[in-house]
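Let's take a relaxed walk through this protein. Have a look at the sequence and the model first, and then we'll go through some details together.

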Amino acid sequence: MPEIRYCKECHRIFQYMGGPVLCSYCRKKDDEEFEKVRAFLKEYPGATMQEVSNATGVKPSKINRWLKEERLEVSEGSPVALNCERCGVRIRSGRFCIECSKMLAREMMQASGDLRQRLGRERVPFEKDEFGLYYKHKNET
Ligand SMILES: [Zn+2]
Ligand SMILES: [Zn+2]
């Protein structure tokens, strides 16, 4: 069932179909702007965020979002600073550098491994003989 959401860009109500929360009008505009930025960067790969913004009329915050979404990538020598959110090293797109991405994946694996181990220990069968109470008839025989 389609969801009714507010467009992030123009705040109009629209039928949300997945992807970025943008109405069809803003999404089309978004695509056009992205295409403009992409074309500009292809021609001027060393441009700064401000230069790109001035030349295309696209807000830097939007360009930043595309970088985080990995739709855009800064070039090797680009002055546009994009840093790993974990170690601060320079990256070209996304949120983490390759090393930190690997580390985060490992930590995630480890966390689920620890959990499995803990659950495994808890599943050790309860020793009834050791902890249960008994009454022994002394003179039964
Ligand atoms: Zn909109
Ligand atoms: Zn990093």
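## Two helices that cross

Helix H1 (residues 24-43) and helix H2 (residues 49-56) have axes that come within 10 Å and cross at roughly 120°. Helices and strands here are DSSP runs, with helices being H or I over at least four residues and strands being E over at least two, numbered from the N terminus. Axes are lines fitted to C-alpha atoms, for helices over the stretch in contact, and angles run from 0 to 180 degrees between N-to-C directions. That angle makes H1 oblique to H2; under 35 degrees counts as roughly parallel, over 145 as roughly antiparallel, 65 to 115 as roughly perpendicular, and the rest as oblique.

Which residues make the contact? From H1 they are Glu33, Lys36, Val37, Phe40 and Leu41, and from H2 they are Val52, Ala55 and Thr56. Two residues are in contact if their C-beta atoms, placed from the backbone, lie within 7 Å.

All of this comes from a predicted model, where local features need pLDDT of at least 70, side-chain atom pairs count only at pLDDT 80 or more, and totals for chains, interfaces and linings use all residues. Residues are numbered from 1 along each chain as its sequence is written, while chains are lettered from A and ligands numbered from 1 in the order in which they are written.

## Some loop residues

Most residues other than glycine have a negative phi. His11 has a positive phi, near 65°, and Glu70 also has a positive phi, near 65°. Here is where three loop residues sit:

| Residue | Loop | C-beta neighbours inside 10 Å |
|---|---|---|
| His11 | between strand S1 (3-6) and S2 | 9 |
| Glu70 | between helix H3 (60-68) and helix H4 (98-122) | 11 |
| Val89 | between H3 and H4 | 12 |

Are they buried or exposed? His11, Glu70 and Val89 count as exposed. The cut-offs are 20 or more other C-beta atoms within 10 Å for buried, 12 or fewer for exposed, and partly exposed in between.

Val89 touches Asn83, Cys84 and Cys97, not counting residues up to four places away in sequence.

## How far to trust it

The protein averages a pLDDT of 81, a score from 0 to 100 for the predictor's confidence in each residue. Over residues 126-138 the pLDDT is below 50, and this stretch has zero contacts in the model beyond near neighbours in sequence. Where pLDDT is low, the predicted coordinates should not be read in detail.
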